[in-house]
Protein chains: 2
Amino acid sequence: MANLSDETCEACRIDAPLVSQEEAKALLTNLDDWQLIETPINQLHKVFHFPDYQGSLDFSNKIANLAEQEDHHPKISLEWGKVSVLWWSHKINGLHRNDFICASKTDDLYKEN
Amino acid sequence: MANLSDETCEACRIDAPLVSQEEAKALLTNLDDWQLIETPINQLHKVFHFPDYQGSLDFSNKIANLAEQEDHHPKISLEWGKVSVLWWSHKINGLHRNDFICASKTDDLYKEN
């Protein structure tokens with residue numbers, strides 16, 4: 001399977017298909033340690049660690065830039081030395097392939113550090 | 001009572017006193033719509049809204065700058081058009097006067113927009 005991070009998010013319409021539970025589990029195997037959260041809706045979650053505040057802040061801003069590029073916006077929670085990221089698709093209230101693409105791109109940004 | 005945002009955070013030691021529940025409620029009256037969260041530990045919480053992503057991102061970065069200035073770091077959760085802020089003191093696992101000072105300074109940053 002080609003790397004998800006080589007793909008680009010497509011526009012997500014309100015009638016776009018949710019990724020099925022089986023597809024989600026298959027796509028997860030292409031990601032590095034992302035967790036599938038199932039309550040209250042399906043979301044992708046991962047926590048990234050840093051040795052200082054500046055590292056976590058810089059990473060948050062890189063994800064925010066990615067969000068604007070892809071026109072797809074996660075929840076980024078910044079604390080000292082720790083960034084928690086949640087990707088999901090608001091319009092369809094769950095997971096779209098876009099979320100797996102963006103999770104993979106988030107990992108690429110982390111590897112840049 | 002003088003404005004809390006005119007004060008500066010003092011170094012928070014592991015044996016610093018927690019703000020009592022009565023003090024917390026009195027200090028809250030000096031803040032604008034901050035909520036006292038009591039579970040799992042006492043924290044101050046507020047959600048700020050913006051008409052676009054850039055506004056929410058800029059505000060997050062202003063709070064991060066404040067955090068570095070005061071050497072006191074909240075949890076900042078950034079979404080499209082929405083920033084959620086939680087202040088508490090990690091070392092004492094609850095609320096210190098510093099948290100009320102920083103909440104007040106956060107409001108001042110929001111008013112700058």
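**Exercise 1. In which loop is Pro40(B) found, and what kind of peptide bond joins Thr39(B) and Pro40(B)?**

Step 1. Pro40(B) sits in the loop between strand E1 (35-37) and strand E2 (43-49) of chain B. Strands (E, at least two residues) and helices (H or I, at least four) are DSSP runs, numbered from the N terminus.

Step 2. The bond joining Thr39(B) and Pro40(B) is a cis peptide bond, with omega about 0°.

Step 3. In chain A, the peptide bond from Thr39(A) to Pro40(A) is cis, with omega near 0°. Pro40(A) lies in the loop between strand E1 (35-37) and strand E2 (43-49) of chain A.

A note on conventions: this is a predicted model, in which local features need pLDDT of at least 70 and side-chain atom pairs count only at pLDDT 80 or more, while totals for chains, interfaces and linings use all residues. Residues are numbered from 1 along each chain as its sequence is written, chains are lettered from A and ligands numbered from 1 in the order in which they are written, and side-chain values use heavy atoms, with hydrogens and water left out.

**Exercise 2. Describe the interface of chain A and chain B by contacts, area and residue class.**

Step 1. Count the contacts (heavy atoms within 4.5 Å). On this rule, 17 residues of chain A touch 16 residues of chain B.

Step 2. Find the buried area, that is, the accessible area (1.4 Å probe) that two parts lose on being put together, summed over both. The value is about 1400 Å², and carbon and sulfur atoms give 56% of this area. Tyr53(A), His73(A) and Glu79(A) lose the most area in chain A, together 32% of what that side buries.

Step 3. Look for pairs. A salt bridge needs a side-chain nitrogen of Lys or Arg within 4 Å of a carboxyl oxygen of Asp or Glu, and the rule finds zero of them across this interface.

Step 4. Assign the residues of chain A to elements. Helix H2 (53-70) and strand E3 (75-79) of chain A each supply at least two residues of the side that touches chain B. The largest share, seven residues, comes from H2(A).

**Exercise 3. How are E3(A) and strand E3 of chain B joined?**

Step 1. Two strands pair if DSSP finds at least two bridges between them. Three bridges join E3(A) to strand E3 (residues 75-79) of chain B, and the strands run antiparallel.

Step 2. Take one residue: Leu78(A) has Ile76(B) as its bridge partner in E3(B).

**Exercise 4. By what turn and shift can chain A be laid on chain B?**

Step 1. Superpose the copies by least squares on the C-alpha atoms of residues with pLDDT of at least 70 in both. A turn of 180° and a shift of 0.0 Å along the axis lay chain A on chain B with an RMSD of 0.0 Å.

Step 2. The two copies are therefore related as by a two-fold rotation axis. Ser77(A) comes closest to this axis of the residues of chain A, with its C-alpha at 2.0 Å.

Step 3. Compare the two sides: 94% of the interface residues of chain A are also interface residues in chain B, so the copies meet through the same surface.
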